Structure formats: C-alpha cells, structure tokens
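Colleague: I have a model open and would like to talk it through with you. Could you bring it up on your side as well?

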Amino acid sequence: MQHQAFKLTKMKVSSSIVTRIFNINLRHLSTAAAADAVTTTNAATAQPKKVTSGYIFDKLYVVGSTGAKVSDVLQNIMRTGQHINKKTLVDCFKDLRKNGRYQQCLELQNVAEGKKKLNLLVILDWFEKGRVDPLGRDFAMRVDILHKLKGLAEAEKYFDGLPSDFKNHYVYTALLSCYCADLEITKALATFKKMDELGFSSHVLAFNNLLGLYVRIKQPEKVPELVSEMKNKQVPLNSHTYTYWIQSYRLRGDLEGVERVFHETQEDSLVKDDWGIHSNVASAFIEFGQFEKAISYLENLENVLDNSDNPRHSAYQHLISLYAGVGKLDSVIQSWNKLKSNFKVDNNQCYFPSRKPNFKVNNNQCYLSLLQALSRLDDIKGLENYFCEWESICKIYDDRLPTVVIGAYLRHDMLEEAGLLLENATKKVGKLLRMPHVKFMNYYFEKGQTEGALKHMEAAIVSNWKPIAEKLDPCFQHFKDQKDVDGLEKFCQLLKRAQALDTKAYLWLLQTYVDAEKTAPDMRERIEEDGINVTPELEELLERVCPTRF
C-alpha cells in the first residue's frame, strides 16, 4: 500500500514537467531508432510523427495472435519516431473497451481457447507512471476494467488505495457502476449517498446507474421517483435516462406511461431522434401484442434512420428483428436492403463509407440478424437464399449462422437438409460444432428418439458444450415420462463429462427410478462422492430407491 501511495504521489508532478519528460524520452527513442535504421544525420534528427488511435488500435487488436505484448507494441511505435499523446491512447483504450476486450487485457483467462490477449491495463499503467499526465478519468477507467477482469473486490481495493484528492466524481461514479452491475444494492445506495454529500451526485451518469439497478432488480416503481429527483436538482436527462424510464413503465405493463415518456422525449431536441428510445417503445407494444401501435412506432424509427446523417448498423439490425416480431416480412427485407445500401456489407466487413477507415463491423452479425428474423417468420426459401449469399462472401465461417438454418429445418422436420448442412458446416470449420448438435439433440428428444439425442449430446460435449441447467428439464422429463432408467443413466454419465451433477439432476434421477419401480444400491455412495447435500426431499426418494440397511 505504501508503495502504491508513493507511485500515486509522484503523479502530482505538474503537467508541463511530465510532458517535457515524456517528449525527451520520445526524442531519445526516436533518435536511437533512426540511428539503427539509417546512417544519415537528417534521419536521426527527424521530427516525430503523430499516430492516430485507429493506427494503434489496429496494432493492438492482433496482439494475441502475434504473441507480442501491448507494452512492446507501444515501445516499438515510439522507437520508429512516432509520437503518442495521451488523447490518442485514451481514444484507443475506449475503442478496445467498446470491443469487449476485458478478458484479454491481463492475459489471465481463455488462453486454452486461443483468444486474443489485449492488455488494456498496460495503457493505464503508462498514465500512472508519468508517461502521460494522469487525470481522474484514468483512475475511473482502471476501476472499471479491474472490476470486469478481476471482480468487485479488486476494484474496491484499488479505489480504497487512491488518495482522497484523486477520488473525484469520475472515480466515485465508476465504483457506483461496479456496485450496480453486481446488484450490490446496499453498497450502491451508500455510495450514492456519499457522492451526494460530496456534491458528486449532480451528474447524470450517477443517476442512470441507479435507474438501471432498479430496472434490473425489478423495482420499477422507484424509477419515476428518481427521475423526479433529477428534475428537481436540474440534472439533464439523456437517452439512457429516458430508456430506463420507459422500461420501468414497460415492466409494470403501463403502456400509457410508456407513451407519456416518449412524448416528453419528442420535446427534447437532444434525444428526440434517438433510435434506442424509439426501439424500446416499439418493443413494449410488441411485448403486449399491440402490433398496430408497434408498427407505427417502427415506421417512426425507420424514418429516423432514413434521415440520419450517421446511422448505426446495429439500429438497422434491431429494426429487422422488431419487424419480424410483428410478422412484417416485406419490412424485414426492406430494412435489410437499406442496411446494405447505407453500409458496405461484403468481404466479412460492414462499414459506413463516410466514417473513418477503421470503423469496421463483422458482417456475420448483420447476416445473423437477418437469418434470425427470417427463421422467426418461417421463410425457409428466403433463409436459404440469404444463407447462400453469406457463404459466398464470408471470410470467417461463423457457426451461429448455419445453426439458425438448421434450427429452422428441424422445426419443419427437414431432417435430411439439416443433416447435410451440419456436415458441410463441420467440414468448413474443421471441427465439431456445439450448437447445431444441441439443436439435433433437442429435436430427437422431442421425437422420443433417445439414441439419436444421446449421439448428438456426446458430440456437443466433445466440442466443449456447457449445458444450462434450466434448459435440461425437457430432457430429464423425457426419460421420466418413458420410465427409462438406463437411458437417463447414460444421459447423466454424458452430462458429468461437461459438468458435475447437482441436486436437481439427482432429484430427476431418483424420481425416474421411483416411477420405474427400480432400485440403485449404490445411489447414496454416488451422491456422497459428488458432494451433494441430502435434502429431506432427496432423503425421502433415497429411502425408496436405496433403503438404509441396519
């Protein structure tokens, strides 16, 4: 702790001194690199070139696959005589964070799966070691990243170790965000109260964190109260505020409340054309089956996107999904065509031509949204056509897309077509695919064909499928209805290869034994070996399946 405090104390060096030191180091590294590369004096004294965040982003994005370290990449850029300033690093950091590279930044997890490793904390280390001038936002970003990478305890530890002078509203808001994300209600409210005492609660982000928490913990009645408090304190509402407010009425089934909030947004020039707000309102009416009203809001959303100078591909993806929700196939195709015309969708990329060159989106996600919509509408012909179109241009074969088509085939009992697609997709990927086999497993269970179901279950587990306990209930129910003890035992043995059997699994197993009027003398020993706590319900079943002998 003392060492950390010492490091933080050093950061109080004035911005001008830090900048001078940073530039001296840059000139030294640039000169040394130039001397190694050429022998001319001119090259050695060349002025550093400023690099963009996009350039650094592209370099860091592939760090994991090259085996390099982020710190090495940054040093190498500097050695070539290029200048890196703080704003560039911060912009790059934000881009990496938006791309969800939390797990990669400490290179601690998922190594076996071969995922890219991006050490975002190295960038923050540069801030805090004086290479660039540290500000409260930098410490706030570290709180956020530590929480996402190492958990709440590490974020709290870092926050507690900061000098009080460094704990501004950015840092407190980051900590509040951590508590809200983890649904730590008591800590979140205590932190918000502390921020209010310090005069830090007048920022919209602090309120939005609490609004989001109330929505997630299903206490929507508290949202309007908090919004009223914001208005009384003259805290400006933003698009996130309105979205949570709309969701609070949606959770209570109050569609009139939803519309009241929407009408208020139309009086606010800053949010009136926010596509997320329009999308949330439409979703509320779809959820309660009021399709006519929903369609009118979707047409409003489409009009907003059509007249936007800077549309987002994700907005069109939402529009496609929502039109599928109201059964409008023609509008789905129309929205897709607009997505393709506004964004260049080819060669595994989707990007808006007028944006900066490094704004790229994997077109797999665009096609996935379309295929899911067509599957929902049972448009098998359209599904096949657009799937073939995607296959003809994709560079990275994404198994989520054939999974959608396979699921549609199986719903229509097109078993031969589904099998051929699974075979072709497996060949293209070069390995077993998890989710297509899960689709087949569920299909065979629904048809009462245990052998086929277990065959595909084994293939899914071999390909590292991790079942969700709640979704296994229909499988257990199948064996129980059939009184098929042997089949269920095989199912449980396969399941144990993916994860340990829990109390619920043993309840299903014992109930099936009881229904089949069979016994299992070793059942108590098996339960004990698996570390299962014997509840009264389990004990009652055990007495019938594996009676205690005295």
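What follows is our conversation about this predicted model.

Colleague: Let's start broad: how many helices and strands does the secondary structure come to?

Modeller: The protein comes to 31 helices and four strands, and of its 550 residues, 47% count as buried.

Colleague: And what share of the contacts with a separation of 6 or more comes from residues 24 or more positions apart?

Modeller: Such pairs account for 62% of those contacts. As for the surface, the protein exposes about 28,300 Å², of which carbon and sulfur atoms supply 49%.

Colleague: Which residues touch the most other members in the largest nonpolar core?

Modeller: That core has 138 residues, and the ones touching the most other members are Met-457, Phe-476, Phe-491 and Met-523. As general background, nonpolar side chains in soluble globular proteins tend to be buried together.

Colleague: Take Met-523, then; what is in contact with it, leaving aside neighbours within four places in sequence?

Modeller: With those neighbours set aside, Met-523 is in contact with Glu-489, Tyr-506, Leu-509, Leu-510, Tyr-513, Leu-542 and Cys-546.

Colleague: Phe-491 was on your list too, so let's go to α28; which of its residues are buried?

Modeller: In α28 the buried residues are Val-485, Gly-487, Leu-488, Glu-489, Phe-491, Cys-492, Leu-494, Leu-495 and Ala-498. They pack against five named helices, α25 (434-446), α26 (450-462), α27 (473-482), α29 (503-515) and α30 (523-529).

Colleague: How many residues does α28 have, and what does it reach from its first C-alpha to its last?

Modeller: Helix α28, residues 485-498, has 14 residues and reaches 20 Å, which is close to the 20 Å expected at 1.5 Å a residue. At the start of α28, a side-chain oxygen of Asp-484 comes to within 2.8 Å of the backbone nitrogen of Gly-487.

Colleague: Changing topic: how many disulfides are there?

Modeller: The count comes to zero disulfides.

Colleague: Why is there no bond for Cys-178?

Modeller: Because the closest cysteine sulfur to that of Cys-178, the one in Cys-180, is 9.3 Å away, which is too far for a bond; a disulfide would need the two sulfur atoms within 2.5 Å. The sulfur of Cys-180 likewise has that of Cys-178 as its closest cysteine sulfur, at 9.3 Å.

Colleague: Are those two cysteines buried or exposed?

Modeller: Cys-178 is buried, with a relative accessible area of 2%, and Cys-180 also counts as buried, at 0% relative accessibility.

Colleague: Now Thr-265; where is it found, and what does it touch?

Modeller: Thr-265 is found in helix α16, which covers residues 255-265, and counts as buried because its relative accessibility is 0%. Not counting residues up to four places away in sequence, Thr-265 touches Tyr-242, Val-271, Lys-272 and Ile-277.

Colleague: And Lys-272, where does that one lie?

Modeller: Lys-272 lies in the loop between α16 and α17 (275-287), where it counts as partly exposed at 29% relative accessibility. With residues up to four places away left out, Lys-272 touches Gln-266 and His-278 as well as Thr-265, and its C-alpha is separated by 8.6 Å from that of Phe-262, ten residues apart along the chain.

Colleague: One last loop residue: is Pro-311 buried or exposed?

Modeller: Pro-311 is buried, with a relative accessible area of 3%, and lies in the loop between α18 (291-306) and α19 (313-325). Pro-311 and Phe-343 are 32 residues apart in sequence, while their C-alpha atoms are 9.1 Å apart in space.

Note on methods:
Residues are numbered from 1 along each chain as its sequence is written. This is a predicted model: local features need pLDDT of at least 70, side-chain atom pairs count only at pLDDT 80 or more; totals for chains, interfaces and linings use all residues. Side-chain values use heavy atoms; hydrogens and water are left out. Helices (H or I, at least four residues) and strands (E, at least two) are DSSP runs, numbered from the N terminus. Buried means under 20% relative accessible area, exposed over 50%, partly exposed in between (1.4 Å probe, protein chains only). Contact means heavy atoms within 4.5 Å. A nonpolar core is a set of buried Ala, Val, Leu, Ile, Met, Phe, Trp, Tyr and Cys residues joined through side-chain atoms within 4.5 Å. Accessible areas come from the Shrake-Rupley method with a 1.4 Å probe; for residues, only the protein chains shown count as cover. The expected span of a helix is 1.5 Å times one less than its number of residues. A polar contact is a pair of N or O atoms within 3.5 Å; within protein, one must be able to donate a hydrogen and the other to accept it, and residues adjacent in sequence count only if both atoms are side-chain atoms.
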